[in-house]
Amino acid sequence: MKYLVWITTTLIVYALCAAAAIAGEYKVFGIRTDFPMADGQPLFRDVYVNMGTNQGIKNGSTLDAYRVITTVDELNQKTGRNISFKFAKLKVIHAETDLAVARVTSVLPPDSTPLGSFTNVMVGDEVEVGSK
């Protein structure tokens, strides 16, 4: 009986560790912006993420973008903890097995998020599936 409890506990701990490792696994790894070739030409800003059809993403899927900020305990001169908050929505325009290209459809107003001056999606931001 002790052996069964030990195995069950070990499996639960392993599953929780694996879930924690998967969290934050998908990120923005590149951004490409058009350069205008003529006056009035629409400009696009493509966001490349490391998730694709293997994760159920397809054209038209929406993604939520999260920013992770490390807090600093200035009183004690040490790093605090990481906070993560949703700040933008993306729409997938192209998907392959393990990558997708998306465009920003909305960004939360700066007064409702602790973004500071970086109010658009950046390389390193985390992404999660909003809807497939």
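**Entry 1: the core**

A nonpolar core, for my purposes, is a set of buried Ala, Val, Leu, Ile, Met, Phe, Trp, Tyr and Cys residues joined through side-chain atoms within 4.5 Å. I keep in mind that I am looking at a predicted model.

Which residues touch the most other members of the largest core? I looked, and they are Val49, Leu63 and Val121, out of 19 residues in that core. Then I checked where the core comes from: β2, β3, β4 and β5 are the elements that give two or more residues to it. Strand β4 gives the largest share, six residues.

I picked Val49 and listed its contacts, leaving aside neighbours within four places in sequence. Lys27, Val28 and Phe29 are on the list, and so are Leu63, Asp98, Leu99, Ala100 and Val127. So Leu63 turns up twice in my notes: it touches many core members, and Val49 is in contact with it.

**Entry 2: the layout**

I stepped back to see the whole chain. I found one helix and six strands, and reading along the sequence gives me α-β-β-β-β-β-β. The chain has 132 residues, of which 23% count as buried.

I also looked at how far apart in sequence the contacting residues are. Taking contacts in the chain with a separation of 6 or more, I see that 58% are between residues 24 or more positions apart.

**Entry 3: salt bridges**

Side chains of opposite charge can pair when their charged atoms come close. I went looking for such pairs and got a count of four salt bridges. I wrote up three of them, starting with Arg103.

Which residue does Arg103 form a salt bridge with? It is Asp46, and the closest N and O atoms are 2.6 Å apart. Arg103 sits in strand β5 (residues 100-107) and Asp46 in strand β2 (residues 45-49), so this pair ties together parts that are 57 residues apart in sequence. Buried or exposed, I asked of Asp46? Asp46 counts as buried, because its relative accessibility is 13% and the cut-off for buried is under 20%. Arg103 is partly exposed at 24%.

I stayed with Asp46 a little longer. Its side chain makes a polar contact with the Arg103 side chain, again at 2.6 Å. Beyond its neighbours within four places in sequence, Asp46 is in contact with Gly30, Ile31 and Arg32, and also with Ile93, Val101, Ala102 and Arg103.

Next I took Asp64 and Lys89, whose side chains meet in a salt bridge at 2.6 Å, N to O. This pair links distant parts of the chain, with Asp64 in strand β3 (residues 62-73) and Lys89 in strand β4 (residues 78-95), 25 residues apart. I noted Asp64 as buried, with a relative accessible area of 8%, while Lys89 is partly exposed at 32%.

My third pair is Arg67 with Asp125, a salt bridge of 2.5 Å, N to O. Arg67 lies in β3 and Asp125 in the loop between β5 and β6 (126-131), so the pair ties together parts 58 residues apart in sequence. Here I found Arg67 buried at 6% and Asp125 buried at 3%.

**Entry 4: rings**

Arg67 came up again when I looked at rings. It lies over the face of Phe87, and the distance to the ring centre is 4.5 Å.

How many aromatic pairs does the structure hold? I found one. Phe29 and Tyr48 make it, and the pair is tilted: 6.2 Å centre to centre, with 50 degrees between the planes. Phe29 is in strand β1 (residues 28-33) and Tyr48 in strand β2, so I have a link between distant parts of the chain, 19 residues apart. Phe29 is partly exposed at 47%, and Tyr48 counts as partly exposed at 23%. I had met Phe29 before, among the contacts of Val49.

**Entry 5: an odd phi**

Last, I looked at backbone angles. Most residues other than glycine have a negative phi. I stopped at Gln77, which has a positive phi of about 55 degrees although it is not a glycine. I located Gln77 in the loop between β3 and β4. At 69% relative accessibility, I marked Gln77 as exposed.

Definitions and conventions. Residues numbered from 1 in each chain as written. Predicted model: local features only at pLDDT ≥ 70, side-chain atom pairs only at ≥ 80, totals over all residues. Heavy atoms only, no water. Helix = DSSP H or I, 4+ residues; strand = E, 2+ residues; numbered from the N terminus. Buried < 20%, exposed > 50% of the residue type's maximum accessible area, 1.4 Å probe, protein only. Contact = heavy atoms within 4.5 Å. Polar contact = N/O pair within 3.5 Å; in protein donor to acceptor, adjacent residues only side chain to side chain. Phe/Tyr/Trp six-rings, centres within 6.5 Å; stacked < 30°, edge-to-face > 60°. Lys NZ or Arg CZ within 6 Å of the ring centre and 35° of its normal.
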